[in-house]
Amino acid sequence: MKNFLKSLAYLAVYFIVQLLIQMIFMLWGNLSGIQTENELMQFSINHLFLMTILSNMVTIILLAFFIIKVQKKEFKKVLNFSPVTIKTYILPSISIFLLSFAWAFATYDISFNNAEQIKISVSFYSNIFPSFGIIMMALTLLIAQPVMEEILCRGILLNQLKISMPTWIAILVSSLLFGSIHLMAGGLWLVIGATLMGICFGIVFVKTQSLYAAIIVHAFANLPDFIMPYLPQFNFGARNILACILAIISVIMIIFFCKKETKPL
């Protein structure tokens, strides 16, 4: 119970940082002359990437300070920053990329909605100078989010929970907590999808004993966000067939990965 409560405290830090960053941006919008709720919402969507990057950076700094200065522990060692061979990354990365795509097709309308918000933010930053939007998107989805969320949810939460409960329960609980941090970003369906992905990230982390591996597969899970806005509109039957095919292939690959031996460098 003690470790579970600690996990909730770490999550609280993340939510507080997110809330403070959003409040700062809302204040910025108001000081810029924006008054209506719709205009403030548009302002937030425009700056989606910058808000996410800043909240992730602040969270990582606070977590690192706590581990290094308060707990007097080595940051990389506590979080299992252990390198593994390049081959170790390939199978889980492809598997989770396919599973993420399958979920995007299964929740097509919702995923397309989230993708449209990302597209708006990309366009906003690209208007500042060409390709800046894609750069900000890559920094957010392929670096800032995977690094921060894996440090928090696998490096800290999963490692904490494993101390007082069986590993498979620790993976499930940490994944549910991981899903909960996505509630504000996309509601219940995103929470369910993130929880499912969190279970996969947890399996990879436990199997490889490497946070690097979890970060890499997390980045691959975010790749469909780069593709979804540019896909044609599929009909209900086609997208569900695609979702089933991709999910089956993904599950087979992740099972095969779990049975393989992984080798540290």
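These notebook entries record what I looked up on one pocket and three helix pairs.

**Entry 1: the model**

I note at the outset that the structure is a predicted model.

**Entry 2: the second largest pocket**

I began with the space left open between the atoms. Rolling a probe the size of a water molecule over the atoms shows where empty space is left. For the second largest pocket I recorded a volume of about 190 Å³. I then listed the residues that line this pocket: N3, K6, Y10, I67, Q71, K73, V78, G155, I156, N159, Q160 and I163.

Which helices each supply at least two residues of this lining? I found helix 1, residues 2–31, and helix 7, residues 132–164. Helix 7 contributes the most, with five residues. By class, I entered the lining of the second largest pocket as five nonpolar, five polar and two charged residues.

**Entry 3: helix 5 with helix 12**

I turned next to helix packing. Two packed helices are described by the angle between their axes and the distance between the axes. For helix 5 (residues 86–106) and helix 12 (residues 236–259), I noted an angle of about 155° and axes 8 Å apart. An angle over 145 degrees counts as roughly antiparallel, and helix 5 and helix 12 are therefore roughly antiparallel to each other. The crossing of helix 5 past helix 12 is left-handed.

On the side of helix 5, I listed T88, L91, P92, I94, S95, I96, L98, L99, F101, A102, F105 and A106 as making the contact. Helix 12 meets them with R239, L242, A243, L246, A247, I249, S250, M253, I254, F256 and F257. I classed the residues of this contact between helix 5 and helix 12 as 19 nonpolar, three polar and one charged.

**Entry 4: helix 5 with helix 10**

I looked up helix 5 again, now against helix 10, residues 211–222. The two pack at an angle of about 35°, and their axes lie 8 Å apart. Helix 5 passes helix 10 in a right-handed crossing. From helix 5, the contact takes in Y89, P92, S93, I96, F97 and S100; from helix 10, it takes in Y212, A213, I216, V217, F220 and A221. I counted ten nonpolar, two polar and no charged residues in the contact of helix 5 with helix 10.

**Entry 5: helix 1 with helix 2**

How are helix 1 and helix 2 (residues 37–46) packed? I recorded an angle of about 120° and a distance of 10 Å between their axes. That angle makes helix 1 oblique to helix 2. The crossing of helix 1 past helix 2 is right-handed.

F25, M26, W28, G29 and N30 of helix 1 make the contact with L40, F43 and S44 of helix 2. I entered this contact of helix 1 with helix 2 as five nonpolar, three polar and no charged residues.

Technical notes:
Residues are numbered from 1 along each chain as its sequence is written. This is a predicted model: local features need pLDDT of at least 70, side-chain atom pairs count only at pLDDT 80 or more; totals for chains, interfaces and linings use all residues. Side-chain values use heavy atoms; hydrogens and water are left out. On a 1 Å grid over the protein atoms alone, a cavity is a set of points where a 1.4 Å probe fits but cannot get out, and a pocket is an open set with protein on both sides within 12 Å along at least five of seven lines; lining residues have an atom within 4 Å of a point. Grid points are joined across faces, edges and corners, and a volume is the space filled by probe spheres set on the points. Helices (H or I, at least four residues) and strands (E, at least two) are DSSP runs, numbered from the N terminus. Ala, Val, Leu, Ile, Met, Phe, Trp, Tyr, Cys and Pro count as nonpolar, Asp, Glu, Lys and Arg as charged, and the others, Gly among them, as polar. Axes are lines fitted to C-alpha atoms, for helices over the stretch in contact, and angles run from 0 to 180 degrees between N-to-C directions. Angles under 35 degrees count as roughly parallel, over 145 as roughly antiparallel, 65 to 115 as roughly perpendicular and the rest as oblique. A crossing is left-handed if the near helix is turned anticlockwise from the far one by less than a right angle, and right-handed if clockwise. Contact means heavy atoms within 4.5 Å.
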